[in-house]
Amino acid sequence: PSPPCLTPITKSLSLCHHYCFSIILFLFHTTLSKMTQGIPLTNSLLQLLKVSQIYTSASKGDPFMPSTHDASGSDNDTSSESRLSLNKSTGNVNQHHPDDYFVSSMDFSEDGTYLITTQSSSTLSDELDHQCLALYSTDSGKCTQEIPSQKYGCDHVKFTHANTTVLFASNNSYDHTVRHLDIQNSRFIRYFKGHQSQVHQIAMNPISNHFSTCAKDHSVRFWDLSDPSCRGKIPNVKGHPCLAYDPKGLVLAIAGALNTVRLYDVRKFTDGPFLNIIVDTEPGDFTNLEFSSDGKYLGISTQHGKAVLVDSFDGKKIAEMDTNSSEQQEPPSSMLPALRPLQLSFTPDSKYVLMGSRFDGLAHAWDLQMMSQGKVNEITMGGVQTGSHSTYRSSSPIHLVKWNPKKVMLATASAGHLALWLPDVGSKVGA
């Protein structure tokens with residue numbers, strides 16, 4: 001035992017060690033958290049991406065107990081959903097033909113732990129088109145929940161700031177409501193009504209509970225998650241409008257007809273746009289807008305399979321990327337309406353922009369730093385030989401790509417397939 005005169009000193013040292021250890025532990029966890037949120041991406045790392053999991057239906061290869069709750073409204077007409085759940089829960093799962101399984105939209109939660117999709121499928125023995133939302137864990141790669149939405153359909157899903165609630169649009173000809181869904185309890189929180197035709201995009205403000213929608217009625221509407229009433233709207237948006245918020249949530253970009261993108265101050269959108277950008281590219285509809293996370297770039301995907309990068313401050317065109325190779329043949333005009341519009345995605349570090357392609361089943365990536373220097377440096381992922389590494393090529397066009405905001409993980413969707421990509425380094429980077 002310590003001498004009586006040294007006991008206070010011993011206790012003080014012990015207490016000091018305890019506090020020092022606590023501080024070190026806190027700093028370690030803080031640093032580790034920041035490291036996992038900002039893993040440096042390089043061309044070499046992107047070339048190592050390979051498909052880790054492929055889904056040809058929500059539950060294909062991933063056993064789970066499907067939800068018996070239906071996200072189709074308060075009506076009791078759930079015969080279709082009950083039949084679908086019954087078939088799965090009894091083990092009599094109808095086999096889906098790959099071309100009958102289709103992912104129409106997808107989004108990662110802000111913390112990167114979940115991927116949610118809206119998807120439809122029909123079986124060879126049943127011509128009914130089954131629509132549902134499917135939730136996937138990015139840690140296990142398994143589908144953890146499936147919520148049928150047969151009555152009104154579902155499309156254009158978007159996570160709110162919580163990883164337990166989402167917004168999604170109806171997918172039918174008679175109801176155009178946007179629904180706020182509690183995923184955990186499979187119940188609706190609120191309904192947002194106002195659009196007169198089908199909603200084809202939902203954009204969540206990154207810093208508030210406000211969000212915006214655009215629809216085929218050529219209007220953009222502004223909403224708050226806490227209030228079902230429309231806060232305001234911009235009418236007469238020509239063409240096929242699409243929209244995106246900048247990272248600070250202060251600017252809303254809206255694309256319309258005549259290759260025009262208009263930037264609005266969300267605090268005074270009734271004053272009109274403060275900048276009109278005429279994009280120098282082939283005439284046609286824009287299919288997707290997205291700001292890079294540093295706010296410097298605005299990415300635009302077009303109906304012609306091209307991606308255009310512009311400076312978000314002055315609207316100057318930086319580069320144009322074409323996913324159509326010279327060997328590809330334009331499909332017959334009868335097939336064009338069935339082609340899903342392409343969507344692009346930036347990596348969280350604003351170093352790369354990614355997009356699928358209309359015909360060849362490839363995923364493409366471009367180095368933003370090189371493009372800002374006037375060089376288009378493409379990294380093609382899937383179906384190509386990069387050194388000794390050969391990766392996955394989809395049997396149908398990849399129309400959706402989405403990069404996980406917190407992990408080195410890419411999700412892609414094509415007719416018949418949903419795929420999760422990870423670097424081929426023996427473990428999940430950033431998981």
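What share of the 431 residues in the chain is buried? In this predicted model, buried residues make up 51% of the chain. The accessible surface comes to about 19,900 Å². Carbon and sulfur atoms account for 53% of that surface.

The chain holds 4 helices and 30 strands. Contacts were also examined by sequence separation. Among those between residues at least 6 apart in sequence, 49% join residues at least 24 apart.

The largest nonpolar core contains 17 residues. Within this core, the residues with the most contacts are L41, L46, L354, W403, L410 and W421. Several elements each supply at least two of the core residues. Helix 2 (43–47) is one of them, as is strand 1 (49–55). Further along the chain, strand 23 (352–355), strand 24 (363–367), strand 28 (398–403) and strand 30 (417–423) also each supply at least two. Strand 28 gives the most, with 3 residues. In soluble globular proteins, nonpolar side chains tend to be buried together.

Strand 14 (residues 242–245) is covered on both faces. C242 and A244 lie on one side, and both are buried. L243 and Y245 lie on the other side and are likewise buried. Strand 14 pairs with strand 15 (residues 251–255) in the antiparallel sense, over 4 bridges. A244 has A253 of strand 15 as its bridge partner. The two strands, 14 and 15, form a hairpin with 5 residues between them. In the turn, G249 has a positive phi of about 70°.

Conventions. Residues numbered from 1 in each chain as written. Predicted model: local features only at pLDDT ≥ 70, side-chain atom pairs only at ≥ 80, totals over all residues. Heavy atoms only, no water. Buried < 20%, exposed > 50% of the residue type's maximum accessible area, 1.4 Å probe, protein only. Contact = heavy atoms within 4.5 Å. Areas by Shrake-Rupley, 256 points an atom, 1.4 Å probe, with all protein chains shown as cover. Pairing = 2+ DSSP bridges. Core = buried A, V, L, I, M, F, W, Y, C linked by side-chain atoms within 4.5 Å.
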